[in-house]
Amino acid sequence: MTMIKKNWLPILVGMIYLLLIVFRSDLALAAWENSRYYLLEMVQILPVIFLLTVAIDVLIPREWIVKRLGSDSGMIGYLFALAFGSLSAGPIYAAFPIAKTLYQKGAKVGNIVVILSAWAVIKVPMLANEVKFLGPEFMVVRWFLTVVFILLMALVIEKAGVKIVAEEEGIQAPVAVKSDYCIGCSACARKMPEIFVMQEGKALVQQDLSLDQEQKNQLALVAQKCPTQAIAVRQQE
Ligand code: SF4
């Protein structure tokens, strides 16, 4: 059942293909031709992207990302995210694994929004083409308005508290600290000493936790405020 739940999309696509093969083989063939084109494109691009995500993960220190893209990065963070997304190359789906790695290393949600949006609509090579076909005035006005709305969107999403649901494989406890991510700021231990203790510069979760609803609500806030998103709170089924 869990396997079906996790893979519902490919299963659904497979079923649609089966139906098309049975009832409209011409459409099934056309769909397969399109899929083949995108699959070949992905096979060429994704290995490079995965190498890049591994490089970000291994070579760039968490503190560096937290400082430039984390919750206290302010306007510098937005500008950095804007430059990162604008100077990128490749289709937008290539941006998602990179965005996830940056998020897991401490980038805040607003900056992830800026990176993805800039990657999708204001990439530098695309701007050069836009000037060629539509003229510089059009490109400058569109670029300016797009940047303003991207920043507004990032602010609104941050204020609304929208979260990225990263996979927390292997975490079984109701609450856990991913020690690789923890930078030892001790904010969690100060806010909820009944749950977190600091040990050798890292936060640890106390054993045998029994939390009431108020504590669970406060815990969700503390996890949200952790500058590196190191606190994983398992949703109760
Ligand atoms: S708030 Fe996050 S980074 Fe700071 S000590 Fe707690 S778990 Fe570590």
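How many residues sit between β2 and β3 in their hairpin, and which residue in the turn has a positive phi? Keep that in mind while you load the model, which is a predicted one.

**Stop 1: the hairpin**

Select residues 196–199 for strand β2 and 202–205 for strand β3; the two pair in the antiparallel sense over four bridges. Now for the opening question: two residues lie between these strands, and glutamate 200 in the turn is the one with a positive phi, about 50°. Next, show the cross-strand partners. At one pairing, glutamine 199 stands opposite lysine 202 in β3. At another, phenylalanine 196 faces valine 205 of β3.

**Stop 2: the ligand**

Now pick the ligand and bring up its surroundings. You should find 14 residues around the ligand, with Cys182, Cys185, Cys188, Ala203 and Cys226 as the closest. Colour that shell by class and you get 11 nonpolar residues, three polar ones and no charged ones. Ala203, by the way, takes you back to β3, which covers residues 202–205.

**Stop 3: α5 against α7**

Hide the rest and select residues 74–86 (helix α5) along with 109–121 (helix α7). Their axes come within 7 Å and cross at roughly 30°. With angles under 35 degrees counted as roughly parallel, that makes α5 roughly parallel to α7. The crossing is right-handed. To see the contact, show side chains for Gly77, Tyr78, Ala81, Leu82, Phe84, Gly85 and Ser86 on α5, and for Asn111, Val114, Ile115, Leu116, Ser117, Ala118 and Trp119 on α7. In this contact of α5 with α7, nine residues are nonpolar, five are polar and none is charged.

**Stop 4: α7 against α9**

Keep α7 on screen and add helix α9, residues 136–159. Which way does α9 run relative to α7, roughly parallel or roughly antiparallel? The two pack at an angle of about 150°, with their axes 8 Å apart, and α7 and α9 are therefore roughly antiparallel to each other. Here too the crossing is right-handed. On the α7 side, light up Val109, Gly110, Val113, Val114, Ser117, Ala118 and Val121; on the α9 side, Thr146, Ile150, Leu151, Met153, Ala154, Leu155, Ile157 and Glu158. The contact of α7 with α9 divides into 11 nonpolar residues, three polar and one charged.

Technical notes:
Residues are numbered from 1 along each chain as its sequence is written. This is a predicted model: local features need pLDDT of at least 70, side-chain atom pairs count only at pLDDT 80 or more; totals for chains, interfaces and linings use all residues. A residue is near a molecule or strand if its C-beta atom, placed from the backbone, lies within 6 Å of it. Ala, Val, Leu, Ile, Met, Phe, Trp, Tyr, Cys and Pro count as nonpolar, Asp, Glu, Lys and Arg as charged, and the others, Gly among them, as polar. Two strands pair if DSSP finds at least two bridges between them. Axes are lines fitted to C-alpha atoms, for helices over the stretch in contact, and angles run from 0 to 180 degrees between N-to-C directions. Angles under 35 degrees count as roughly parallel, over 145 as roughly antiparallel, 65 to 115 as roughly perpendicular and the rest as oblique. A crossing is left-handed if the near helix is turned anticlockwise from the far one by less than a right angle, and right-handed if clockwise. Two residues are in contact if their C-beta atoms, placed from the backbone, lie within 7 Å.
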